[in-house]
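Me: I'm new to this one and want to know how the labels are earned. Can we go through it together?

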Amino acid sequence: MTALFEGLTHWHWLGLGFVLLAIEVMGSVGFLLWTGIAALEVGLLLLVWPFGWQHRRDRSGLDAAAPINERMQSYMGRELTLLDEVSQGMSRVHLDDTVWTVRCNAPLPAGSRVKVVGADSHILLVEPLG
């Protein structure tokens with residue numbers, strides 16, 4: 001869908017504007033008049049100055065906001081202390097201001113130091129240090 005919008009040029013907007021105004025002339029209700037005029041204005045603006053999502057950009061570079069929604073990936077490599085002993089492969093840790101559930105394959109007592117090596121949905125995967 002985005003590719004469709006990115007492919008629109010000033011000719012598309014001008015054509016849409018003229019079609020809407022032609023329909024308006026045939027119907028003479030006044031419903032499509034301002035929509036047609038707005039489409040013509042967008043077409044003229046794009047003719048003079050390409051802007052918005054119509055302007056093609058090089059997306060090969062890194063986006064600074066990309067890691068915003070990758071919270072779990074930002075915890076990779078962090079060293080933490082277990083709050084509880086590992087029971088049935090699960091325990092808890094205090095990370096930043098939240099208590100997280102962690103999964104560990106090794107049986108460890110409470111207070112053991114672990115390192116975050118991955119994430120599975122909302123559960124951090126950890127391994128013992130040392």
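Reply: Let's start with a definition: two strands pair if DSSP finds at least two bridges between them. Keep in mind that this is a predicted model. With that in hand, here's one bridge: V102 has L124 in β5 as its partner.

Me: What makes β3 and β5 a pair?

Reply: Two bridges join β3 to β5 (residues 123-128). The cut-off is at least two, so the two strands count as paired. They run parallel. Besides V102 with L124, R103 stands opposite L125 in β5.

Me: How do you know that β2 and β3 pair, and which way do they run?

Reply: Six bridges join β2 (residues 90-95) to β3 (residues 98-103), and the two strands run antiparallel. Pairing takes at least two bridges, so six will do. One of the matches is M90 with R103 in β3.

Me: What connects β2 and β3?

Reply: A hairpin, with two residues between the strands. In that turn, D96 has a positive phi of about 55 degrees.

Me: Where else is there a hairpin?

Reply: β4 and β5 form one, again with two residues between them. There S121 is in the turn, with a positive phi of about 60 degrees. Six bridges join these strands, which run antiparallel, and K115 has E127 in β5 as its bridge partner.

Me: What about β1, how do you know that it has a partner?

Reply: Three bridges join β1 (residues 79-81) to β4 (residues 113-120). At least two are needed, so this is a pair as well, running antiparallel. T81 stands opposite R113 in β4.

Me: Why is the pairing in the sheet called mixed?

Reply: The five strands form an open sheet in the order β1-β4-β5-β3-β2. β3 and β5 run parallel, while β4 and β5 run antiparallel. Strands of a sheet can pair either way, through backbone hydrogen bonds. With both kinds here, the pairing is mixed.

Me: What makes β1 and β2 edge strands?

Reply: Each has a single partner strand, so one side of each is left without a neighbour in the sheet. From one strand to the next, the twist averages 50 degrees.

Me: Let's turn to the helices. How do you know that the length of α3 fits a helix?

Reply: Helix α3 (residues 33-48) has 16 residues, and at 1.5 Å a residue they should span 22 Å. Its end C-alpha atoms are 23 Å apart, which agrees.

Me: Which residues of α3 are buried?

Reply: G36, A39, L40, G43 and L46. Buried here means under 20% relative accessible area.

Me: Why can you say that they line one face of the helix?

Reply: Look down the axis of α3: the buried residues fall within an arc of 125 degrees, so they line one face. What covers them includes α2 (10-27). On the other side of α3, W34 and V48 are exposed, a label that takes over 50% relative accessible area.

Me: How many helices and strands are there, and in what pattern?

Reply: The chain has four helices and five strands. Read along the sequence, the pattern is α-α-α-α-β-β-β-β-β.

Me: And how much of the chain is buried?

Reply: Buried residues make up 25% of the 130 residues. The accessible surface comes to about 9300 Å², and 62% of that belongs to carbon and sulfur atoms.

Key. Residues are numbered from 1 along each chain as its sequence is written. This is a predicted model: local features need pLDDT of at least 70, side-chain atom pairs count only at pLDDT 80 or more; totals for chains, interfaces and linings use all residues. Side-chain values use heavy atoms; hydrogens and water are left out. The expected span of a helix is 1.5 Å times one less than its number of residues. Buried means under 20% relative accessible area, exposed over 50%, partly exposed in between (1.4 Å probe, protein chains only). The arc is that of the directions from the helix axis to the C-beta atoms. Contact means heavy atoms within 4.5 Å. Axes are lines fitted to C-alpha atoms, for helices over the stretch in contact, and angles run from 0 to 180 degrees between N-to-C directions. Accessible areas come from the Shrake-Rupley method with a 1.4 Å probe; for residues, only the protein chains shown count as cover.
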